[in-house]
Amino acid sequence: MTQQLSLPRRRFLQGAAAIALPLGAAGAWSQGPTRELRIGNQKGYLSLLKGRGTLEKRLAPLGVSVKWTEFTAGPVQLEALNVGSIDFGDVGEAPPIFAQAAGAPLAYVAATVPRPGSEGVLVPKGSAIKTVADLKGKKVALNKGSNVHYFLVKLLQKHGLQYGDVNVVFLPPADARAAFEKGSIDAWVIWDPFFASAQKTLDATLLADATGVVGNRAYYFSSLDYSAKNGDIIKIVIEELDKIDQWGKANRNALAGELAQIWGIPKPVVETVVERSAFGTGPITKAILGEQQQIADTFFDLKLIPKRINVLEAAAPGVA
């Protein structure tokens with residue numbers, strides 16, 4: 001006859017058995033990611049990083065899993081950050097200004113080196129517009145609130161014109177290209193790879209690029225909360241992104257080939273993009289955020305954002 005154990009006795013034996021488990025068996029219960037990094041990426045350098053898998057390998061010993069979600073544009077990524085769907089993403093200069101003005105909890109965590117050669121003002125081949133001053137009174141298309149919006153403002157100022165001296169037409173890249181081809185606009189302010197594509201396939205003439213006018217950096221962002229709690233993860237992501245940059249700088253032909261596949265555009269167009277690009281990604285500094293502050297102030301003056309913002313409030317912990 002089997003002896004029945006009292007309830008206190010059974011609990012004691014169960015506890016003793018748990019304590020007696022081999023360390024390896026106990027470890028098996030604790031295995032698995034303890035933290036997560038949710039990356040929202042556009043088609044570009046983050047796509048290259050995803051394809052290599054090196055980030056996952058570096059983060060695995062820290063118990064960090066990585067989840068990727070592809071987005072079509074920076075503003076959509078920032079909205080995903082605002083609702084808590086992602087922890088990290090890539091974006092141009094302008095969208096973070098609008099996001100911060102709207103109350104998004106974003107934190108700038110990294111920036112590329114300036115890439116002024118990657119945006120420019122195009123005019124049709126044979127256009128009578130030969131100088132920036134000739135833009136006065138002309139129809140100039142651009143994407144509203146984008147990096148090139150700020151570029152045009154500063155370019156006009158440099159050449160003695162005011163923003164109101166030109167007839168700005170707000171069009172997204174695809175619509176602007178169609179208008180450019182039809183001749184319904186006089187100039188188009190645009191960034192790569194649309195910029196290079198128009199030069200290669202429409203025989204467009206470059207009036208001016210951003211050299212000596214604005215920096216045109218790309219930015220990487222997180223949330224204030226995530227970056228404060230996961231500085232070690234952010235540091236590793238920045239390091240891995242810079243490795244991609246340095247590889248691209250040393251292997252431009254291979255980089256052009258990979259980006260051509262990612263973007264779905266001809267390699268000769270991408271070769272132009274790569275040739276005039278600049279390479280390098282590093283942590284955010286207060287000086288870099290000062291550049292963003294100038295953009296924010298300009299957009300407020302143009303009534304593109306509803307209030308003045310202090311960009312330093314979107315600085316990740318430890319910004320020097």
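Two strands count as paired if DSSP finds at least two bridges between them. In this predicted model, strand 6 (residues 139-142) and strand 7 clear that bar with four bridges, and the two run parallel. Within strand 7, Phe170 is the residue that sits opposite Leu142.

That pair belongs to a bigger arrangement: an open sheet of five strands, in the order 7-6-8-5-9, with mixed pairing. The edges go to strand 7 (167-170) and strand 9 (205-209); each has a single partner strand, so one side of each has no neighbour in the sheet. Going from one strand to the next, the twist averages 30°. Helix 8 (residues 173-182) packs on this sheet, where it touches strand 5 (119-123), strand 6 and strand 8 (187-191). The direction of helix 8 makes about 145° with that of strand 8.

Then there is a helix-on-helix contact to look at. Helix 7 (residues 147-158) packs with helix 14 (residues 286-301) at an angle of about 80°, and their axes are 11 Å apart. Angles of 65 to 115 degrees count as roughly perpendicular, so that label fits helix 7 relative to helix 14. On the helix 7 side, the contact is made by His149, Tyr150, Val153 and Lys154. Helix 14 brings Gln294, Ile295, Thr298 and Phe299 to the contact. Sorted by class, the residues where helix 7 meets helix 14 come out as four nonpolar, three polar and one charged.

Conventions:
Residues are numbered from 1 along each chain as its sequence is written. This is a predicted model: local features need pLDDT of at least 70, side-chain atom pairs count only at pLDDT 80 or more; totals for chains, interfaces and linings use all residues. Side-chain values use heavy atoms; hydrogens and water are left out. Axes are lines fitted to C-alpha atoms, for helices over the stretch in contact, and angles run from 0 to 180 degrees between N-to-C directions. Angles under 35 degrees count as roughly parallel, over 145 as roughly antiparallel, 65 to 115 as roughly perpendicular and the rest as oblique. Contact means heavy atoms within 4.5 Å. Ala, Val, Leu, Ile, Met, Phe, Trp, Tyr, Cys and Pro count as nonpolar, Asp, Glu, Lys and Arg as charged, and the others, Gly among them, as polar.
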